[in-house]
Amino acid sequence: MSTDAMLSAVAAEPAAPKRRRMSTARILLIVAGTLIGLSLVHLLTGADDVTSQGAIQAALQAAVPIGLAGLGGLWSERAGVVNIGLEGQMILGTWFGAWGSLNYGPWVGLLIGIAGGALGGLLHALATVTFGVDHIISGVAITLLAPGITRYLSFIVWGSAGATQSPALKPDQTVPRVSVPFVDRLASLEKHHWFLVSDLAGVLRGLLVDVSLVTVLAVLLIIGTWLVLWRSPFGLRVRSVGEDPRAAESLGINVYKYKYYGVVISGAMAGLGGVYLSTVSSVIFREGQTGGRGYIGLAAMIFGNWRPGGLALGASLFGYTDALQLRRGSESVHALLILVGALLLALAVWEFVRRNTVVGVAAGVLGILSYVLYFTVDKIPTALVQAAPYITVLVVLALAAQRLRMPAADGKPYRRGG
């Protein structure tokens, strides 16, 4: 048996019984079903912003940094290292990205921000892989250290007046935006409010008009991650050290080296997410800019079962709920309770059919509560709207917990020859 064949056996993930992997056709079916569901919500409630161009643009803008943070977590955990420090690495990316863009232009700034996140990843790898520090302790330490580093650097570079934020970037200091030709002409179609047709027009305009090239890069990185980790010898080696490092070592793999690769790439991805926040979502670095997105990115990664496609779906879900705050959030969240309740009740029936009573009962109770809330209040309280992304994280992870499978050696200490 060849080395690559033996490595494939090491990195193989045991499938859950009677469970099929998500095919492209099934993903497209889910996307189409979601669009139809949102269209029905729009039709029944008149909540225009559930599928408007502005809502979809805001959702995309919110989803990209979450997805990049989750992608960073995916690289690290596939190499067997838990990276709680993604939040701190994103913070480093926000500062270095803004500083680099102000001084050297958008593309160099992008690279400098990625390098800042990668340095955070290198520090995490040094602590966990070389010195054997507990992964959680190291990640928390980096997250606590990063704001202090950026505050100190801000004070040195921009003085006391700029200790908490940078000067604003000028238009020529930001990455260009692009639009797919002719898509913006669908605006008139969107205004007609025709069932499904107008909703589709709004979604397409939101996804394909005035899109930052960093967003395009993020999409390519998700596809590239799948190709590299699942379709290349390098990715096979990274995954093997996350599944069984001792078996990989016995096949001649330098486990430390591939763990370093995974964690440094992880930091770079998180750093790019930080650059997005300070140069695309806004045109300024500001303290507290990440707002916990590194942690939500980890949740998106777990929701996606440590796979790029599922991660992208999770980031889109969390980004959409986050964006609703900016688009008549109370009205939109209230309207979406119809769809949420229907999905939860359908999930309850499905889980009962599969004899998964615990998840079935939980989903059924939450579905009923959704309809109770919808029919008993006319307006969702602002505090609940603001908490919607975090409630979504908790509910989704709680319901999905039984189908998740992390890499077998994720977070476990490893010593060469031990």
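1. Before we get to the loop, one cut-off: a residue is called buried when its relative accessible area is under 20%, exposed when it is over 50%, and partly exposed in between. Leu196, at 29% relative accessibility, therefore goes down as partly exposed. Keep in mind throughout that this is a predicted model.

2. Leu196 caught my eye for its backbone too. It has a positive phi of about 70° and is not a glycine, and it is found in the loop between α7 and α8. His193 belongs to the loop between α7 (187–191) and α8 (197–208) as well, and has a positive phi of about 60°, again without being a glycine. Why flag these? Most residues other than glycine have a negative phi. As for accessibility, His193 comes out at 45%, so it counts as partly exposed.

3. Next, the aromatics. The count comes to 12 aromatic pairs. Take Trp95 and Trp158: their ring centres are 5.4 Å apart and their planes meet at 50°, so this pair is tilted. The pair links distant parts of the chain, with Trp95 in helix α4 (residues 86–104) and Trp158 in helix α6 (residues 135–158), 63 residues apart. Trp95 is buried, with a relative accessible area of 3%, and Trp158 counts as buried at 19%.

4. Phe234 and Tyr261 make another tilted pair, because their ring centres are 5.5 Å apart with the planes at 50°. Phe234 sits in helix α10 (residues 233–243) and Tyr261 in helix α12 (residues 255–281), so parts 27 residues apart in sequence are tied together. Here the partners are partly exposed: Phe234 at 29% relative accessibility, Tyr261 at 35%.

5. Which residues join Trp95 and Trp158 in one aromatic cluster? They are Phe96, Trp99 and Tyr104.

6. On to the packing. The largest nonpolar core has 31 residues, and those with the most contacts inside it are Leu74, Leu229, Val241 and Met301. At least two residues of this core come from each of α3 (53–78), α4, α5 (106–130), α9 (213–231), α10, α12 and α13 (293–303). Of these, α12 gives the most, with 8 residues. Val241 is worth a click: leaving aside neighbours within four places in sequence, it is in contact with Ala79, Ala248, Ile253, Val255, Tyr258, Lys259 and Ala409. There is also a second, separate core of 21 residues, which includes Leu35, Ala47, Ala323 and Leu336.

7. A quick sanity check on helix α14 (residues 308–323). The expected span is 1.5 Å times one less than the number of residues, so its 16 residues should span 22 Å, and the end C-alpha atoms are indeed 22 Å apart. Its buried residues are Pro308, Gly310, Leu311, Gly314, Ala315, Phe318, Gly319, Tyr320, Thr321 and Ala323. For reading that list: an α-helix has 3.6 residues a turn, so residues three or four places apart point the same way.

8. Last, have a look at Arg416, in the segment after α17 (382–400). Its relative accessible area is 49%, which means partly exposed. Where does Arg416 make contact, leaving aside its neighbours within four places in sequence? With Glu249, Asn254 and Tyr256. The side chains of Arg416 and Asn254 make a polar contact at 3.3 Å. Along the chain Arg416 and Asn254 are 162 residues apart, yet 9.1 Å separates their C-alpha atoms.

Key: Residues are numbered from 1 along each chain as its sequence is written. This is a predicted model: local features need pLDDT of at least 70, side-chain atom pairs count only at pLDDT 80 or more; totals for chains, interfaces and linings use all residues. Side-chain values use heavy atoms; hydrogens and water are left out. Helices (H or I, at least four residues) and strands (E, at least two) are DSSP runs, numbered from the N terminus. Buried means under 20% relative accessible area, exposed over 50%, partly exposed in between (1.4 Å probe, protein chains only). Contact means heavy atoms within 4.5 Å. A polar contact is a pair of N or O atoms within 3.5 Å; within protein, one must be able to donate a hydrogen and the other to accept it, and residues adjacent in sequence count only if both atoms are side-chain atoms. Rings of Phe, Tyr and Trp (its six-membered ring) pair if their centres lie within 6.5 Å; planes under 30 degrees apart count as stacked, over 60 as edge-to-face and the rest as tilted. A nonpolar core is a set of buried Ala, Val, Leu, Ile, Met, Phe, Trp, Tyr and Cys residues joined through side-chain atoms within 4.5 Å.
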